Structures are given as structure tokens and as C-alpha cells.
Amino acid sequence: MSAQVPPGGFAAPKGIPEYVGPEFTAVRDTLVREADRAGYAHIELPVFEDTALYARGVGESTDVVSKEMYSFDDRGGRSVTLRPEGTAGVVRSVIEHGLDKGGLPVKLRYAGPFFRYERPQAGRFRQLQQVGVEAIGVDDPALDAEVLAVADAGFRALGLRGYRLEITSLGDATTRPQYRAELTRFLEKLDLDEPTRERARINPLRVLDDKRPEVRAQLEGAPLMVDHLSDEAAAHHAAVKRYLDDLGVAYVENPWMVRGLDYYTKTTFEFVHDGLGSQSGIGGGGRYDGLMAELGGPALSGVGFGLGVDRALLACRAEEAGHEAAGRVEVFGVPLGESAKERLIGIVGALRRAGIRADLAYGNRGLKGAMKAADRSGARYALVLGDRDLEAGEIQLKDLADGSQTAIALDGAAAAVDRALSGS
RNA sequence: GUGGGUGUAGCUCAGUUGGCAGAGCACUGGGUUGUGAUCCCAGGUGUCGCGGGUUCAAGUCCCGUCACUCACCCCA
């Protein structure tokens, strides 16, 4: 087998966005920062896991597991899967390393790529980027509210305004089976197409958020989970809402909301943005009180979210929010001739050692071209050095914003530039 | 997995009933080896997504295929 360059050249695998420049990391790091502020510790996890972890944790019947996973056998014959979501891996790690043996709750946050084999679309990718948090081991509605507040703070820190937080409660194991049976009886009487009937058989809840008007009309009067909560789940839900008010986090209740992952219980939520087209969810999550036990650990509760970094970035673009392009560097060197180049290389090195972002016109370009490069770099100052300056023992410090230029001593030039940058 | 739309220069796109492949922007150099956003000049070897067909002649018409894209579905 001899590998060839394909016609048209190599391309990234289907459905994978690539980000060049500071925009992506700025969005991701802003979301992460709010989790850090609330005391969530970073956890770095494997990008692939035992396939069974997701089958058991996320649920065999979910679309994510049944048709969207990147699964393959490794060379040792083990079935592994590129992670489609973050919670199962975090919970596995907590159980495996006994992280729950210390102080509770265990508060962790993560960021990185996830993988789902789906047809790409606006805001939907096969490699998607998420920032997430998990709070495990304390069953307190105040933790649900904290998790929601962290996500909301992240979006607000990005400058986003055109989104809303929708919440509901999916109840708990004590009343969900009865509710499910009642909903199934309701759905059986409706006039639905075969794919939808199939969905109703697999997970009747999922039919509730069908977008088609003809289906929505029939759903009028459908039994809702929020009306069938156990006393405990109802009290929990009411408490979450009170704490959200205390935190100043705005929300709307959406009793038709459904989650596609099986582990959710009680509080579930979604952040919805209106400027993104069809894939409008920029974040989602909820409580998962049975998951620790389901994966072989102690019966501890948990709550968390996943935020879509790709979609948050699209939302920023849609709102034209924030991220004014800060310059790549602060200082740009313009050498005229070889001896000036050697001297400037040293000065740029000294600037970098002093923590100043600095670059240089490479390629022995003409003065005009080098100045153009300086302009494009976004630098505050250009340092112009030629034979004339070398003889005079000076270097020209040019303020690129107002065009003014002053000669400074060549010796100690880096320190002088440092002072110029910090002095204004 | 199912539909619709689109594939022409690095980017955004024109390209008429089939008749020499274009514009703007960007980029590089020069006008001005001592000054960047303006101005002027110069600079394009594009598998016209790919493969086949029709034709004297195909970017244009036909068939196939791939990619991208939007929507269904699903979810971050």
C-alpha cells in the first residue's frame, strides 16, 4: 500500500473545525475562569475510554451511544470509544481513584475535545469542544444553583446577552416509572409517524420536545413530569429556584425540556441562544443522582454541566460581542542592514526575557515592507535601527499609534522600551 | 441515516444562447534601501471539486461521484 496525496490535497476529517488565532482560547479560557473562581479543580482525562463506560453511563438506548460513537478495537482487542461527553469519564475517575474519600463535594472542571459521529451542520461538529464542571457527593439544591450560576457567569463574561436559561425537573426514581407509563398511554393515542412511534417506545420523554407544529399541537395536554414529582423532588426543585433568585440568575421554566442522556435526575437545564440557527443549545446539564452507583461506585449524587465552546464562539460572533483583537506583539523590530539585524535580534531577545511580546521583520525586507509588517503585527511600538543609528549609538522608538518617533540610547534599549510600555 | 443548496485565484464572488478564465479584497515588489493605514505602477502555471459523456468547441449541457453547507434527526 502506498499512500497518495488525494486529489485537491489533504483535508481535515469531516466536520472538524480548526481555530487559528486567539479567539478560540479566549472563549474557552473565559468559561473555565468562572469555574476556577467557584473552586472547581482541573482534571485532565483520557480522550478515549472503555466503550462499556459510555454504554452503561450514558445509556444504551440513547442516540449518542447507539449511533454516534467513534468506537474501535485497539491492538489488544479492547473496544474503546472517543469520549462523546465528559461526565462519565469524570465519575469513573472519581470512583477509580477514590476522590470521594476526601472532603465533599468533589468539585472538578475539564475542557477539551469530544467526539460524536453526526452529520455536520451549523454549530454541530464531529469534534466538539466543551468546558464542563461536576460537583459530586453532596445532595444539596444549592449546588445545582451554583453550577448554573457558574455557567451563567461564563456566558456573561463573554459579553453574551441573547440567551436564556431553561430549567425543569425530571424527578427521581420513585415517581418516574409511573409518569413514564402515563405518558406512554397518552402518546399511544396520538397520530404519529413510525420513526416518532419508535422514539416513543425507546424513550417517551423525547417525543415531548419535537419541533414539528403538527406534533406539538397533539402534545397539548400531555402529562408533564413537573406535575408528577415526588415530594422530595418537588422540594428540591423549589429550593433550586429560590437559590437562583438569591444568586441573581435569571431563568425560565420549560417543562417540555428533555435530555438525551439517560443519567439525568431532578434538575436539568439548557442555555439556549437565539442567534445560532438550528443548534441553539450553548450549554446544558443537570443532576445525576444514580450515576455513581450505576458505574460501580458509592451511591453519591452529582450535578454538572457541559458548555459548548464552539457554539459559545458562534454566539459571540452573532452578537458581535467582545474579543477586540489585541495585537500579536507589543514591539516590532525593523532592521536596516545586516549589522543592525544582529543588534536588533539581541534586543528582541532581551525584550522577550523581560516578558514583553516582541517580533522582528525577517527576510531582509525593505524598510517600507518591514514597516508594513510592523503595522500589521498590532505592535504599539516599532524599533527602527540602521547604520546611521548604530554610529550614533541610538535606536529609533516609533509610536505606531500617533506616528511620533524618538531616539533612545542603544545601550539599555530594552529597559527603556519596557518603561515606555508600562509608563502609559 | 433522510432531504435542499453550493463547488471558478489565498478570501468574497462575476462569468450572457456553449466560443481566448475575470473583478474586488488580500499578498509581494517598486515609485521612496530612513519610515506603516492614503495614492500610483507592476506581479496570477486557477488540475473551473473529481471522473465520464455530448460537441468542431464545455466553467457553461447530460450522467456519476466527492466535498462543503443548511435543515430534519440529535445535542454542547
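Here are some worked exercises on chain A, using a predicted model.

**Exercise 1. Overall build**

Task: Work out how many helices and strands chain A has, and whether the chain is spread out or compact beside the globule rule.

Solution:
- Step 1. Start with the elements: chain A holds 15 helices and 16 strands.
- Step 2. Now compare two radii. The globule rule gives 22 Å for 424 residues, while the radius of gyration of chain A is 28 Å. That is well over the rule, so chain A is more spread out than a compact globule.
- Step 3. Check this picture against the box along the principal axes: the C-alpha atoms fill roughly 90 × 60 × 45 Å.

**Exercise 2. Inside, outside and charge**

Task: Find what share of chain A is buried, and describe its contacts, surface and charges.

Solution:
- Step 1. Burial comes first here. With buried meaning under 20% relative accessible area, 49% of the 424 residues qualify.
- Step 2. Turn to contacts with a separation of 6 or more. In chain A, 69% of them join residues 24 or more positions apart.
- Step 3. Look at the outside. The accessible surface is about 20700 Å², and carbon and sulfur atoms own 51% of that area.
- Step 4. Count the charges: there are 63 negative and 52 positive side chains, and the centres of these two sets lie 4 Å apart.

**Exercise 3. Tracing a sheet**

Task: Which strands make up the sheet of 8 strands, and which strands stand at its edges?

Solution:
- Step 1. Write down the order, which is S1-S5-S6-S11-S10-S9-S7-S8. The sheet is open and its pairing is mixed.
- Step 2. Find the edges. S1 and S8 (252–253) each have a single partner strand, so one side of each lacks a neighbour in the sheet.
- Step 3. Recall the general principle: strands of a sheet pair through backbone hydrogen bonds, in either the parallel or the antiparallel sense.
- Step 4. Begin at S1 (residues 41–42), which pairs with S5 in the parallel sense over 2 bridges. Here His 42 has Arg 109 of S5 as its bridge partner.
- Step 5. Move on to S6 (residues 127–136). S5 and S6 run antiparallel, with 10 bridges between them, and Lys 107 is bridged to Ala 135 in S6.

**Exercise 4. S5 and the loop before it**

Task: Is S5 largely enclosed or left open, and which peptide bond in the loop between H4 and S5 is cis?

Solution:
- Step 1. Count burial in S5 (residues 106–115): 8 of its 10 residues are buried, so the strand is largely enclosed by the rest of the structure.
- Step 2. Step back into the loop between helix H4 (87–96) and S5, where you will find Pro 105.
- Step 3. Inspect its backbone. The Leu 104 to Pro 105 peptide bond is cis, with omega near 0°.

**Exercise 5. The surroundings of S9**

Task: Describe how S9 is paired and covered, then list the contacts of Thr 268.

Solution:
- Step 1. Take the partner S7 (residues 163–169), which pairs with S9 in the antiparallel sense over 7 bridges. Ser 169 is matched with Thr 267 in S9, and Ile 167 with Phe 269.
- Step 2. Take the partner S10 (residues 281–287). S9 and S10 are also antiparallel, with 6 bridges, and Val 272 stands opposite Gly 281 of S10.
- Step 3. Ask how covered the strand is: 9 of the 9 residues of S9 are buried, so S9 is largely enclosed by the rest of the structure.
- Step 4. Zoom in on Thr 268, a residue of S9. Its relative accessibility is 0%, so Thr 268 counts as buried.
- Step 5. List what Thr 268 touches, leaving out residues up to four places away in sequence: Glu 166, Ile 167, Thr 168, Leu 170, Met 257, Arg 259, Gly 285 and Gly 286.

**Exercise 6. Two positive phi angles**

Task: For Lys 266 and Asn 364, decide where each residue sits and whether it is buried or exposed.

Solution:
- Step 1. Lys 266 has a positive phi of about 50° although it is not a glycine. Asn 364, likewise a residue other than glycine, has a positive phi near 50°.
- Step 2. Place them. Lys 266 belongs to strand S9 (residues 265–273), whereas Asn 364 is in the loop between strand S13 (358–360) and helix H13 (367–377).
- Step 3. Judge the cover. Lys 266 has 3% relative accessibility, so it counts as buried. Asn 364 has a relative accessible area of 58%, so it is exposed.

Methods: Residues numbered from 1 in each chain as written. Chains lettered and ligands numbered in written order. Predicted model: local features only at pLDDT ≥ 70, side-chain atom pairs only at ≥ 80, totals over all residues. Heavy atoms only, no water. Helix = DSSP H or I, 4+ residues; strand = E, 2+ residues; numbered from the N terminus. Rg over C-alpha atoms; globule rule 2.2 N^0.38 Å. Buried < 20%, exposed > 50% of the residue type's maximum accessible area, 1.4 Å probe, protein only. Contact = heavy atoms within 4.5 Å. Areas by Shrake-Rupley, 256 points an atom, 1.4 Å probe, with all protein chains shown as cover. Lys, Arg positive; Asp, Glu negative; His and termini not counted. Charge placed at Lys NZ, Arg CZ, Asp CG, Glu CD. Pairing = 2+ DSSP bridges.
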